[in-house]
Amino acid sequence: MKKKCWCGSQLVYDVCHEEFDKKLKYYKKHGYKVPTHKMIKNQKQVEAIKKAAVVNNGLLDYIEKNIKIGMTTQDIDDMAVAYTSSHGGYSADLNYQGYPKSICTSVNDEVCHGIPGNYVLKDGDIINVDATTGVNGYYADASRMFMLGHVSEEAKRLVKVTKECLEEGMKAVKPWKSCIGDIGAAIEKHAHLNGYSVVQEFCGHGIGSSMHEDPYVFHFKPNEKTELIVPGMVFTIEPMINQGTRHIHLGYDNDWTVYTDDGKLSAQWEHTFLVTEDGVEIISQ
Ligand code: MF3
Ligand code: CO
Ligand code: CO
């Protein structure tokens, strides 16, 4: 009996990841930090993550269609609960380290982890809705910005540039050719070019059978070696971009919601990505 591959594909090692491991070894010898096997998903795992993504994407589409001025952030959470449960999924956020709701709703100067509640959406608000959905033990994670009514030109520009930052990060994903830190460098460059700052305390992350896995995906140029990007990795990129200072603090109302220190606006977009043999695929769209 020939040895089965470590990836769980049930294929024999020499037709599955043997060549791949040789390549990893080569890069490691040449000074690269290489990903661990745990960061490499097999086809079945990728299919499972994609199933979760279908529900998560559908949920964000549903919210996009229905979000309105006058609604509370709790109303958005209610929509999420109804949509997700009727589509065979569940929220990864609910009860995660004690998190009390099923999605995050971060308005204006809220950077992330806004907790749905009695806040009433008003004309001119910008809001990030971040959802992570599980289906049969696998997860997909994405967030979008929504602009309500008459939004200022400055806010529109922040939302647009933040989306571009995510796209720039994605463009830096080159299998066997770039490292995780290159994503951060690309994001930071685009943000600074546009006069904005990048929040450093939160990162993108590997995702699969848990919402948060390795690697740690920087949104700025890190001062350390980061993993070489290789096929089979699944991770999020989710830059939080601030209009003013990059510095942030926890609010007083709860142990979750993060605000900009200067009260200026913050925006975020997030996708879950699969690294393929020759590029990158957005799973969450
Ligand atoms: N969706 C968030 C992320 O992008 C995590 C949610 S934190 C929780 O990683 F507390 F709300 F669960
Ligand atoms: Co998220
Ligand atoms: Co995430």
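A polar contact here is a pair of N or O atoms within 3.5 Å. Keep that cut-off in mind for the ligand stops below; the model on screen is predicted.

**Stop 1: ligand 1.** Select ligand 1 and the residues around it. There are 14 of them, and the closest are Asp130, Asp141, His212, Glu238 and Glu270. Now pick Thr132: an N or O atom in its side chain is 3.0 Å from a nitrogen atom of ligand 1. Move to His205, where a polar side-chain atom lies 3.0 Å from an oxygen atom of the ligand. Glu270 also places a polar side-chain atom 3.0 Å from an oxygen atom of ligand 1. Of the 340 Å² of accessible area that ligand 1 has on its own, the protein covers 96%.

**Stop 2: the cobalt ion, ligand 3.** Select ligand 3 and show its donors. Asp141 (OD), His205 (NE2), Glu238 (OE) and Glu270 (OE) coordinate this cobalt ion at 2.0 to 2.2 Å. If you list the angles among its six donor atoms, they run from 52 to 162°, and the site is irregular. Six donors would count as octahedral if opposite donors were over 155 degrees apart and all others between 65 and 115; the 52° end of the range falls outside those limits, so the irregular label follows.

Next, colour the donor residues along the sequence. Their spacing is D-x63-H-x32-E-x31-E. The pair His205 and Glu270 links distant parts of the chain, 65 residues apart. His205 sits in strand β7 (residues 204–206), while Glu270 is in the loop between β13 (266–268) and β14 (271–275).

Are these two residues buried or exposed? His205 is buried because its relative accessible area is 6%, and Glu270 is buried too, at 1% relative accessibility.

**Stop 3: the second cobalt ion.** Add ligand 2 to the selection. Asp141 bridges the cobalt ions ligand 3 and ligand 2, which lie 3.3 Å apart.

**Stop 4: strands β4 and β5.** Switch to a cartoon view and select residues 138–147, which form strand β5. Nine of its ten residues are buried, so the strand is largely enclosed by the rest of the structure. Add strand β4 (residues 126–135), which runs antiparallel to β5 and is joined to it by ten bridges. For one of the pairings, select Ala131 and its bridge partner in β5, Ala142.

Finish at the turn. The hairpin of β4 and β5 has two residues between the strands. Select Asn136 there and check its backbone: phi is positive, near 50°.

How values were computed:
Residues are numbered from 1 along each chain as its sequence is written. Chains are lettered from A and ligands numbered from 1 in the order in which they are written. This is a predicted model: local features need pLDDT of at least 70, side-chain atom pairs count only at pLDDT 80 or more; totals for chains, interfaces and linings use all residues. Side-chain values use heavy atoms; hydrogens and water are left out. Donors are N, O and S atoms within 2.8 Å of the metal (3.2 Å for Na, K and Ca); water is not among the atoms, so sites may look incomplete. Four donors count as tetrahedral if all angles lie between 85 and 135 degrees; four count as square planar and six as octahedral if opposite donors are over 155 degrees apart and all others between 65 and 115; anything else is irregular. Helices (H or I, at least four residues) and strands (E, at least two) are DSSP runs, numbered from the N terminus. Buried means under 20% relative accessible area, exposed over 50%, partly exposed in between (1.4 Å probe, protein chains only). A residue is near a molecule or strand if one of its heavy atoms lies within 4 Å of it. A polar contact is a pair of N or O atoms within 3.5 Å; within protein, one must be able to donate a hydrogen and the other to accept it, and residues adjacent in sequence count only if both atoms are side-chain atoms. Accessible areas come from the Shrake-Rupley method with a 1.4 Å probe; for residues, only the protein chains shown count as cover. Two strands pair if DSSP finds at least two bridges between them.
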